[in-house]
Amino acid sequence: MTEQELQELIYYGQGDSEPEKALQWLNNTLESRVEYETEHKDSGDDYAQLVMDSWEYNNIDDSIWSYCLNNPELFGSMAGLEKDVLGREVYEAFFMRTYWSEWHTFSPSDGLCLLQVPVSELEIEVNQYQAESEGQPWEVVKRVAPYTEHYLGKTCEDSLLYYACPNTSWCAVISDAKLIEILNELRECEA
């Protein structure tokens, strides 16, 4: 099969030829990996480590304190409370949430985005063992590899390296309800 015949089959085929099935498998495999990296809790927990490692550098305690001071109708008076103590409590309680744009700041309607960590590029490897274990002939997979929805970088004898740009972010979020709970506990300790 010539390159032109392969392209025509991929773009105009009925989805039942070996190259079309291999391309569909390859696209599904890549999309599954992108979905995992941008939506799965385990992946979000990996990005949470970046937030924790840069907590002081990004002055997150200051952001939390300002947010509470600027919303007294929601959080009440901050008198008698300490910024660093509040920051430590929030540090233990925040969660990660996906936001589908790395170019706009995420503003949750029910809390504060402490830090936004962009997922600007993913490196995804597909190897011969993976393809063949799922019934895909490696030579066919390699042949259709340039026609996926993601950028094909490096190709080796037994692996393909793709790059995906999902344009998403993981955001460290503390909900207003959790922040109120933390503040009430701190006030009880002060009393």
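Q: Which strands does helix H2 (residues 18-39) lie across, and at what angle to E3 does H2 run?
A: Helix H2 lies across E3 and E5, running at about 140° to E3, where helices and strands are DSSP runs of at least four residues (H or I) and at least two residues (E), numbered from the N terminus, and angles run from 0 to 180 degrees between the N-to-C directions of axes fitted to C-alpha atoms, for helices over the stretch in contact. This is a predicted model, in which local features need pLDDT of at least 70 and side-chain atom pairs count only at pLDDT 80 or more, whereas totals for chains, interfaces and linings use all residues. Residues are numbered from 1 along each chain as its sequence is written, and side-chain values use heavy atoms, leaving out hydrogens and water.

Q: What makes H6 oblique to H9?
A: The axes of helix H6 (residues 83-91) and helix H9 (residues 176-190) come within 10 Å and cross at roughly 130°. H6 is therefore oblique to H9, since angles under 35 degrees count as roughly parallel, over 145 as roughly antiparallel, 65 to 115 as roughly perpendicular and the rest as oblique.

Q: Which residues of H6 meet H9?
A: From H6, Val85, Leu86, Glu89 and Val90 meet Leu179, Ile182, Leu183 and Leu186 of H9, contact being heavy atoms within 4.5 Å. By class, this contact has 7 nonpolar residues, no polar ones and 1 charged residue.

Q: Why is one side of E3 and of E4 left without a neighbour in the sheet?
A: An open sheet is formed by 3 strands in the order E3-E5-E4, with antiparallel pairing. Strand E3 (122-127) and strand E4 (151-155) stand at the edges, and because each has a single partner strand, one side of each has no neighbour in the sheet. From one strand to the next, the twist averages 30°.

Q: How many bridges join E3 to strand E5 (residues 159-164), and how many join E4 to E5?
A: Between E3 and E5, which run antiparallel, there are 6 bridges, and between E4 and E5, also antiparallel, there are 3; strands pair if DSSP finds at least two bridges between them. Tyr163 in E5 stands opposite Glu123 and is also the bridge partner of Tyr151. E4 and E5 form a hairpin, with 3 residues between them.

Q: What joins the side chains of Asp45 and Lys41?
A: Asp45 and Lys41 meet in a salt bridge at 3.0 Å, N to O, which falls under the definition of a side-chain nitrogen of Lys or Arg within 4 Å of a carboxyl oxygen of Asp or Glu. Both residues lie in helix H3 (residues 41-53), 4 residues apart, about one turn of the helix. The structure holds 5 salt bridges.

Terms used. Ala, Val, Leu, Ile, Met, Phe, Trp, Tyr, Cys and Pro count as nonpolar, Asp, Glu, Lys and Arg as charged, and the others, Gly among them, as polar.
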